[in-house]
Amino acid sequence: MTTVPARVPVLVVGGGPSGLAAALELGRRGIEVLVVEPRTELDALRPRAKTTSVRTMEHLRRWGLADRLRAVAPLPVEHAQDVVFCTGLFGHEIVRFPEAFGLSTTRRELYAEAGQQAPQPLVEQVLRDAVAQLPSVTCLIGWRAVSVSDGPAAASAVLAGPDGRQHEVTADWLLGCDGSSGLSRRAIGARYEGSSGSLPNLSITFRSRDLDTRELCALGVHYWVIGAERGGLMGRLDLDGTWWAIVQGVDATAGDVDPVALVQALVGADIDVEVLATDPWSARMLLVDRYRGQRVFLVGDAAHLNPPWGGHGFNTCVGDAVNLGWKLAAVLRGWAPESLLDSYQAERRPIAVRTIAAAGAQEAFLAPSFAAGDLDDDGPLGTELRAAVAAALAVKDPEFHSLGLVLGYDYPDSPLVVPSGGPRPEPSVVDHTPSAHPGARLPHAWLPDGSSVYDLLGEEFTVLQLSLDADPRPLLEAATVRGVPLRVVDLSSVPRLRSLYAAELLLVRPDQHVAWRGEQVEDAEALLAEVTGSPVATPALHVAGG
Ligand SMILES: Cc1cc2nc3c(=O)[nH]c(=O)nc-3n(C[C@H](O)[C@H](O)[C@H](O)COP(=O)(O)OP(=O)(O)OC[C@H]3O[C@@H](n4cnc5c(N)ncnc54)[C@H](O)[C@@H]3O)c2cc1C
């Protein structure tokens, strides 16, 4: 019989991507965590997210899981990297967006890991397996929270097991990772605010041999079909005949809808279709007014929802979990004050605002809005029409090329970040300009020995020494006094990093974001206090240079 502890340091309600990523961040640091998740099986027929972003792949690399995910992913990056717009899968190609979603087969300086297409249940399985290896994490699979309460000194939840018996668990901290229909949001009195998309959608998972045996008009990782009858998108789930499709503008809840006919209309041919699952859904652009009660935090979809256009949803959830995970661990291990946790909402809510805006903007450019009669015409009329639609489809570029959002998100206004006075690149969804301004993700670099600069970073804080003239010792000494885990990495032999990072010393946080940069440290004690969340009377006066 499962033993449920009466009290735990951290209770994670919901073991989807957010809950599992949070459990990993905490469990890797030895924090005792209890995860409650009702789903005993992961539903492979409802893939949901397909895009694991470049940034999430970097986190998976940090957790030692990137290669594992690539090994089990049914679609290797080498298979296809482009999003192809066409009139049908046997019709005409209209335009293509190369290297969508960071799917590149060559090593890029900008990032440590290319993106990966993988069905969400498979990613979750990789995370579940990794969490199961952590001795300090217990997963109650088949269990659910039936109530959550917040309080000034602790949170609590009543958990129901598969046999229906209930247990009350008290937690120092509770992470509400229970998605859009969970109960944590209500428990802290938070509310979603925002809007919904105008067109209903139908997701269909299906198998078709014809799509394997007949030659398609092009090779793509996703196909957007601008069809005369139907519009939407589709792609392979594996190389063995299983596909996903999203038909846009179909209300499956109102009247008879034939998924086989819909897939055939999307493909543009009378192919064999074995429907495996269907799911109607509508896009939602929603954000909570607050991410935290007292001892309860909302993580992932529980706090924000965006349409899947661009593939940001699950990746933003992982970003939340990473951000909160190291902070909560630092507080529980005693090297940071509880005020560190105030920075979670301050840092992550603006990222959700940007992400919802970027994905929501694409609601205006769904496939049906580009439909035009004669688009599939074989003659000059068709060629001309397709060229016109191809030009109009330029508005979709930010959906497929969004490194500015995926890598360029930053926390410049965070209370944990010490401004350096240098320039900050203009925020852009598409273009990513590497910059080591405080708050930014540390710009990635490959080192002369072929390793990634990220592989050298410590588990917690790291000082990068970029010149022999710079002295990291005051930081190291102050860290020892405060008990802050800090590694010094001497990169003075790689001069180009000095210019890439525009500093001689760089303080990097556990989540690979820059906390501070400068030429020398004047008051290392005050600096470390600030970046670990202590309220500072006169912020940023203790640095020089940068
Ligand atoms: C059709 C579709 C396509 C998508 N495509 C993409 C994409 O390409 N890329 C992308 O990044 N994102 C995509 N998303 C979004 C992505 O699926 C979500 O953002 C992601 O699953 C959210 O993770 P989460 O862990 O926050 O929430 P969820 O995945 O919803 O997990 C919440 C968990 O909490 C559990 N739970 C609920 N109630 C309780 C309770 N009372 N007690 C305990 N546990 C509970 C649930 O069982 C669930 O496992 C897509 C979503 C949809 C619907």
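Student: Where should I begin, and how do I read the way helices α13 and α15 pack?

Tutor: Happy to help! Keep in mind that this is a predicted model. Helix α13 covers residues 473-482 and helix α15 covers residues 524-531; their axes lie 8 Å apart, and the two pack at an angle of about 60 degrees. That angle makes α13 oblique to α15.

Student: What is the handedness of the crossing where α13 passes α15?

Tutor: The crossing of α13 past α15 is right-handed.

Student: Let's try another pair. At roughly what angle do the axes of α1 and α8 cross?

Tutor: Their axes cross at roughly 30 degrees and come within 8 Å. Angles under 35 degrees count as roughly parallel. α1 and α8 are therefore roughly parallel to each other. As for handedness, α1 passes α8 in a right-handed crossing.

Student: Now for the ligand. How many residues surround the ligand, and which are the closest?

Tutor: The ligand is surrounded by 30 residues, and the closest are S18, E37, R39, Q120 and F314. By kind, the shell divides into 11 nonpolar, 12 polar and 7 charged residues.

Student: Which helices and strands each supply at least two residues of that shell?

Tutor: You have met two of them already: the helices α1 (17-27) and α8 (313-333) each supply at least two residues, and so do the strands β2 (33-37) and β8 (144-149). With 4 residues, α8 gives the most to the shell.

Student: Which side chains have polar atoms facing an oxygen atom of the ligand, and at what distances?

Tutor: Let's take three side chains in turn. For E37, a side-chain N or O atom is 2.6 Å from an oxygen atom of the ligand. For R39, the corresponding distance is 2.8 Å. For R48, a polar side-chain atom lies 3.4 Å from a ligand oxygen.

Student: How much of the ligand's accessible area does the protein cover?

Tutor: On its own, the ligand has 1000 Å² of accessible area, and the protein covers 87% of that.

How values were computed: Residues are numbered from 1 along each chain as its sequence is written. This is a predicted model: local features need pLDDT of at least 70, side-chain atom pairs count only at pLDDT 80 or more; totals for chains, interfaces and linings use all residues. Side-chain values use heavy atoms; hydrogens and water are left out. A residue is near a molecule or strand if one of its heavy atoms lies within 4 Å of it. A polar contact is a pair of N or O atoms within 3.5 Å; within protein, one must be able to donate a hydrogen and the other to accept it, and residues adjacent in sequence count only if both atoms are side-chain atoms. Accessible areas come from the Shrake-Rupley method with a 1.4 Å probe; for residues, only the protein chains shown count as cover. Ala, Val, Leu, Ile, Met, Phe, Trp, Tyr, Cys and Pro count as nonpolar, Asp, Glu, Lys and Arg as charged, and the others, Gly among them, as polar. Axes are lines fitted to C-alpha atoms, for helices over the stretch in contact, and angles run from 0 to 180 degrees between N-to-C directions. Angles under 35 degrees count as roughly parallel, over 145 as roughly antiparallel, 65 to 115 as roughly perpendicular and the rest as oblique. A crossing is left-handed if the near helix is turned anticlockwise from the far one by less than a right angle, and right-handed if clockwise.
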